[in-house]
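Trainee: I have a new model open and would like to practise giving reasons for the labels people use. Could you go through some of them with me?
Mentor: Gladly, let's take a look.

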Amino acid sequence: MSRIDETREFIPVRIAVLTVSDTRSMAEDRSGQTLVDRLTAAGHSLAAREIVKDERDGIAAVLRRWIADPAIDVVISTGGTGLTGRDVTVEAHRDVYEKEIDAFGTVFTLVSMKKIGTSAVQSRATGGVAGGTYLFALPGSTGACKDAWDEILSLQLDYRHRPCNFVEIMPRLEEHKRRK
């Protein structure tokens, strides 16, 4: 069963937060701030934070810039994962993924079902990896950000989490690029 192994030392990761919105400013960005508050309270560091408009190319450009930045291990975006015409965050993420973490969306749906029932079907939360960087796209609601962090990401981004976690395999994410 899932647990924290207190015999292992906590390893902080460097996380960037991207809010996707046509209307929010930093002062009004409650979902982004929720993620910042939670990740820093957990002992991780905020590596970058921005707001970008709901435009596929613009979102992908920020993701690519952050993937190329060796000071960023993880990118979490909030907003633009729904079903409307302006919701293009998932497509932008998939434009840059090398590998998709298929189960992330499934697990997020299971977590959401406990809170909002069948309304969880309207989210397209996704996760993936590119350039050795983890990328997660969450809905724009503060509740969804809390749920994703508290129930999934806080555990998977904790090196002490057992039986496995994302942190322990970080050094191997780009092993295919090494010469044999």
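Trainee: What makes β4 and strand β7 (residues 133-138) a pair?
Mentor: Pairing takes at least two bridges, and in this predicted model β4 and β7 have five, in the parallel sense. Isoleucine 76, for instance, stands opposite phenylalanine 136 in β7. Strand β2 (residues 14-20) also runs parallel to β4, joined by five bridges, with leucine 18 opposite serine 77.

Trainee: Why is strand β4 (residues 74-78) called mostly covered?
Mentor: Five of its five residues are buried. Val74, Ile76 and Thr78 lie on one side, Val75 and Ser77 on the other, and both faces are covered.

Trainee: Why is cysteine 145 called buried, and what is cysteine 164 called?
Mentor: Buried means under 20% relative accessible area. Cysteine 145 has 0%, so the label fits. Cysteine 164 has 43%, so it counts as partly exposed.

Trainee: How do you know that aspartate 95 and arginine 56 meet in a salt bridge?
Mentor: The cut-off is 4 Å from nitrogen to carboxyl oxygen, and this pair comes to 2.8 Å, N to O. Aspartate 95 is in helix α3 (residues 89-96) and arginine 56 in helix α2 (residues 56-68), so the bridge ties together parts 39 residues apart in sequence.

Trainee: What about glutamate 168 and arginine 162?
Mentor: Their side chains also form a salt bridge, at 3.3 Å. Glutamate 168 is partly exposed, at 26% relative accessible area. Salt bridges with shared partners join Asp5, Arg8, Arg162 and Glu168 into one network.

Key: Residues numbered from 1 in each chain as written. Predicted model: local features only at pLDDT ≥ 70, side-chain atom pairs only at ≥ 80, totals over all residues. Heavy atoms only, no water. Buried < 20%, exposed > 50% of the residue type's maximum accessible area, 1.4 Å probe, protein only. Helix = DSSP H or I, 4+ residues; strand = E, 2+ residues; numbered from the N terminus.
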